[in-house]
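Please walk through the predicted model shown here, moving from a surface feature to the helices and then to the aromatic side chains.

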Amino acid sequence: MPFSLAFVVVIVGHLGEDYQEWVHQPIVSKEGPRFFDSDFWEALTRTKWWAIPLIWLPVVTWSISRSVRMGLELPRGNTIHYLLHGCHHKHPMDGLRLVFPPAGAAVICVPAKPFPVGFVSYGNLIKFLSTPTTAPALFGGGLLGYVMYDVTHYYLHHGQPSSKVPRNLKKYHLNHHFRIQDMGFGITSSLWDRVFGTLPPSKAPGKSR
């Protein structure tokens with residue numbers, strides 16, 4: 001059977017009261033047990049650590065940016081939204097309010113000592129989730145991703161792409177600004193709009209405000 005369980009998983013179910021004693025006797029080894037006979041199902045149970053940020057950080061970014069772009073339902077939510085993103089939607093071709101200002105980015109990125117109440121910077125988060133030797137590389141890699149995101153965003157507004165891929169990205173993003181503003185949140189790709197059902201239709205149902 002392609003979905004059949006490996007031997008160790010089968011016998012665990014028959015240990016009964018002995019299970020608690022058995023499971024709390026650790027085996028010091030980098031090699032773990034096999035869960036499934038099928039290589040396919042077995043592969044789905046094993047995960048490299050770097051797969052977690054690689055897969056989920058884009059989802060986090062997409063989710064937060066969608067809330068920011070659509071307006072947060074908070075006290076003074078309109079004001080916060082306008083300062084963070086609403087002004088960009090109101091004046092989408094203003095080249096000086098398109099990328100995130102370095103002063104604001106520094107407040108969000110740089111590790112703070114001590115932690116301000118209710119505030120966790122990107123740098124603090126990296127330090128908490130990694131080791132002293134890997135933290136600088138992860139911080140730099142994340143910052144590089146942000147830089148590429150921001151300059152791509154600027155290019156989609158003010159660049160004149162001649163090749164197909166960037167031309168389609170520009171059309172996709174300007175569609176978000178001028179046609180269907182509550183869909184098409186992706187900047188560098190439409191992947192997560194497809195995943196979360198916010199991919200805009202090929203034709204707008206009506207004129208947006």
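Helix H4 (residues 51-70) contributes four residues to the nonpolar patch, the largest share of it. The patch itself lies on the surface of this predicted model and is formed by Trp-49, Trp-50, Ile-52, Leu-54, Ile-55, Trp-56 and Leu-138, which together have about 800 Å² of accessible area. Leu-54, one of the patch residues, lies in helix H4, and its relative accessibility of 57% places Leu-54 among the exposed residues, because exposed means over 50%.

The chain around this patch is built from ten helices and zero strands, so that, read from the N terminus on, its elements run α-α-α-α-α-α-α-α-α-α. Of the 209 residues in the chain, 25% are buried, while the chain as a whole exposes about 15600 Å², of which carbon and sulfur atoms supply 67%. Among the contacts in the chain with a separation of 6 or more, 44% are accounted for by residues 24 or more positions apart.

Helix H8 (residues 135-158) allows a check of its geometry: its 24 residues, at 1.5 Å a residue, should span 34 Å, and because its end C-alpha atoms are 35 Å apart, the two values agree. Within H8, the buried residues are Ala-135, Asp-150, Thr-152, His-153, Leu-156 and His-157.

Aromatic side chains offer another view of the model. A pair of aromatic rings is described by the distance of the centres and the angle of the planes. How many aromatic pairs does the structure hold? There are two aromatic pairs, and in the pair made by Phe-40 and Trp-41 the ring centres are 5.1 Å apart with the planes at 75 degrees, so this pair is edge-to-face. Phe-40 is exposed, with a relative accessible area of 52%, whereas Trp-41, at 31% relative accessibility, counts as partly exposed.

The rings of Trp-192 and Phe-196 have their centres 6.1 Å apart and their planes at 35 degrees, and therefore this pair is tilted, since the angle is neither under 30 degrees, as stacked planes require, nor over 60, as edge-to-face planes require. Both Trp-192 and Phe-196 belong to helix H10 (residues 191-196), where they are four residues apart, about one turn of the helix. An α-helix has 3.6 residues a turn, so residues three or four places apart point the same way. Trp-192 is partly exposed at 23% relative accessibility, and Phe-196 is likewise partly exposed, with a relative accessible area of 35%.

Definitions and conventions. Residues numbered from 1 in each chain as written. Predicted model: local features only at pLDDT ≥ 70, side-chain atom pairs only at ≥ 80, totals over all residues. Heavy atoms only, no water. Phe/Tyr/Trp six-rings, centres within 6.5 Å; stacked < 30°, edge-to-face > 60°. Buried < 20%, exposed > 50% of the residue type's maximum accessible area, 1.4 Å probe, protein only. Helix = DSSP H or I, 4+ residues; strand = E, 2+ residues; numbered from the N terminus. Expected span 1.5 Å × (residues − 1). Contact = heavy atoms within 4.5 Å. Areas by Shrake-Rupley, 256 points an atom, 1.4 Å probe, with all protein chains shown as cover. Patch = residues over 30% accessible without salt bridge, like charges linked within 9 Å, V, L, I, M, F, W, Y side chains within 5 Å. Salt bridge = Lys/Arg side-chain N within 4 Å of Asp/Glu carboxyl O.
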